[in-house]
Amino acid sequence: MRCYLHAFLLCVVLTLCSLLYVFSKLASTLEDREEWRDVREQGIPGRSSHDTGHLLRKGPGLAGLRDRGEDGLDRCKSLSVSYWSPYWRLPADVCGLSCFLDSTLRVRSGAAVKEPIDDRSHLAVVACGPRLEETLTMLKSAVLFSKKPLHFYIFAEDNLHVSFRSALDSWPRTVQTKFKFTIYPITFPEENAKEWKKLFKPCASQRLFLPLILKEVDSLLYVDTDILFLRPVEDMWALLSQFSSSHLAAMAPEHEEPRIGWYNRFARHPYYGKTGINSGVMLMNMTRLRENFFKNDMTTVSLRWEEILMPLLQKYKLNITWGDQDLLNIIFHHNPESLYVFPCQWNYRPDHCIYGSNCQQAEQEGVFILHGNRGVYHDDKQPAFRAVYEAIQKYQFGKNMEAYLLQPLEASLQTTTHTYCGRASHLFTKRLKQSIINRTSHKDDNPAGS
């Protein structure tokens, strides 16, 4: 009988302790709630809206892109305590048992508890040497036609950081509200930094290491500095939703016409498909890239992304011409199921018109992204490409885009018809016209105010 009595008393004591603990947590939650309300009202001094960026979750594809919450201050995330059993092992930014209490208080006060979805397109570029103005023109084209917000990840040599920051901060405030930017130094593995940096062009191989540097970014669109968007960035970003479960990245073919292809005629290494792929526009699910194991011709064991890069370079460095693009061709040659191939209109280069138009999709719908490789924006070899670059570069934010961008461009293109690309230049403005119409029909959202 005494044993039962002792057990009963023990249960009573434990119940009282549990109640006391719950009430103490409730009191703490109420106090903290007031403090956090004060913080939200007063703001956080000294925090830049575009220097740090938001951390992104690691779920695959678009579902992985979530902001941390209002200025990163949400104490209770949409996580089940049972998932992190027991509750005292929750991450530091999840408030454990008091989440239940805090959630109850929020519902009672009429505030819906919803985690905001990050609808930004995440765009990365690598700039070294005299690429400042070219990169800014690319970013300008991205902002001009996009309706949804953007986040730029700018990897640049140290001497360019101040110039980038100064230039982007000088854009009109109405334009700056459309994007955030984060500037990073050029970073390579220490033991092979010099070898990676001098591969092909200065810093070009930085793109290979983006999944390893931006570990909290789920998906990313990488573009070369000589890219011009003629269609909203979010339209390219939407291709992520077309990825199958096996797709890790997306690129366009290097050539449409095998008779003028480079890889199928001259390559001394494996390459993707019939004509290879071009890495100037590369859409990546970086979570999958980090987690996947890649088949290769160096070992029977599949290797992770960080494990395959250096051995691949060591094996093929005497046989590759286009640096990191060749390495990507080798990787996806052995893993073709991992690549989503998008049409040439998303990466339209001089090769698509220099010997006559050979991009069928552009013939039908126009050029979506213009890629001025081989320096054609800055010489007279392909004046049609240069005309588009200079039209966007000279356009002033706030001016009417039809009168101050499209019409001057069309006039310039009329003088380029002595070249094959000039004769196909109507493809350059076909989609651009629609992009301008779409932007001017949404004046409230238009960063140019036109």
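This is a chat about the sheet, the aromatic pairs and the cores of a predicted model.

Trainee: Let's start with the sheet. How many strands form it, and in what order?

Mentor: There are 7 strands, in the order S3-S2-S1-S4-S7-S6-S8. The sheet is open and the pairing is mixed.

Trainee: Which strands stand at the edges?

Mentor: Strand S3 (179-185) and strand S8 (339-341). Each has a single partner strand, so one side of each is left without a neighbour in the sheet.

Trainee: And the angle between neighbouring strands, what is it on average?

Mentor: Neighbours in this sheet are turned by 25° against each other on average, ignoring direction.

Trainee: What packs on the sheet by S3?

Mentor: Helix H4, residues 161-169. It touches strand S1 (121-127), strand S2 (150-156) and S3. The direction of H4 makes about 175° with that of S3.

Trainee: Which strands does helix H12 lie across?

Mentor: Helix H12 (residues 324-334) lies across strand S6 (249-253), S7 and S8. H12 runs at about 65° to S7.

Trainee: How do S4 and S7 run, parallel or antiparallel?

Mentor: Antiparallel. Strand S4 (residues 219-223) is joined to strand S7 (residues 277-285) by 5 bridges. Take Tyr-222: its bridge partner in S7 is Met-282.

Trainee: Tyr-222 sounds handy as a marker. What does Val-125 contact, beyond its neighbours within four places in sequence?

Mentor: Tyr-222 is one of the contacts. The others are Thr-135, Met-138, Tyr-153, Ile-154, Phe-155, Val-223, Asp-224 and Thr-225. Val-125 itself lies in strand S1.

Trainee: Is Val-125 buried or exposed?

Mentor: Buried, at 1% relative accessibility. For scale, Val-125 and Ile-183 are 10.0 Å apart, C-alpha to C-alpha, and 58 residues apart in sequence.

Trainee: Switching to aromatics. How many aromatic pairs does a search of the whole structure find?

Mentor: It finds 19. One to look at is Phe-155 with Tyr-184, a stacked pair. The centres are 4.7 Å apart, with 15° between the planes.

Trainee: Which parts does that pair tie together?

Mentor: Phe-155 lies in strand S2 and Tyr-184 in strand S3, so the pair links parts 29 residues apart in sequence. Phe-155 is buried, with a relative accessible area of 1%.

Trainee: Which residues do ring pairs link into a cluster?

Mentor: Phe-152, Trp-171, Phe-179, Phe-181 and Phe-397.

Trainee: What about charges? Which residue has its charged end over the ring of Tyr-404?

Mentor: Lys-399, at 5.1 Å from the ring centre. Arg-423 lies over the face of Tyr-420, also with 5.1 Å to the ring centre.

Trainee: Where is Thr-416, and what does it touch?

Mentor: Thr-416 is in the loop between helix H15 (401-413) and helix H16 (420-423). Among the residues it touches are Arg-423, Gly-422 and Pro-383. Thr-416 is buried, at 2% relative accessible area.

Trainee: Last topic, the cores. How many residues does the largest nonpolar core have?

Mentor: It has 73. Those with the most contacts inside it are Phe-152, Ile-154, Leu-221, Phe-229, Tyr-348, Leu-370 and Phe-428.

Trainee: Pick Tyr-348. What does it touch?

Mentor: Leaving out residues up to four places away in sequence, its contacts include Leu-370, Phe-428, Phe-385 and Leu-427.

Trainee: And the second core, what does it include?

Mentor: It is a separate core of 42 residues. Ile-186, Trp-196, Leu-220 and Ile-330 are included.

Key
Residues are numbered from 1 along each chain as its sequence is written. This is a predicted model: local features need pLDDT of at least 70, side-chain atom pairs count only at pLDDT 80 or more; totals for chains, interfaces and linings use all residues. Side-chain values use heavy atoms; hydrogens and water are left out. Two strands pair if DSSP finds at least two bridges between them. Helices (H or I, at least four residues) and strands (E, at least two) are DSSP runs, numbered from the N terminus. Axes are lines fitted to C-alpha atoms, for helices over the stretch in contact, and angles run from 0 to 180 degrees between N-to-C directions. Contact means heavy atoms within 4.5 Å. Rings of Phe, Tyr and Trp (its six-membered ring) pair if their centres lie within 6.5 Å; planes under 30 degrees apart count as stacked, over 60 as edge-to-face and the rest as tilted. Buried means under 20% relative accessible area, exposed over 50%, partly exposed in between (1.4 Å probe, protein chains only). A charge sits over a ring if NZ of Lys or CZ of Arg is within 6 Å of the ring centre and within 35 degrees of the ring normal. A nonpolar core is a set of buried Ala, Val, Leu, Ile, Met, Phe, Trp, Tyr and Cys residues joined through side-chain atoms within 4.5 Å.
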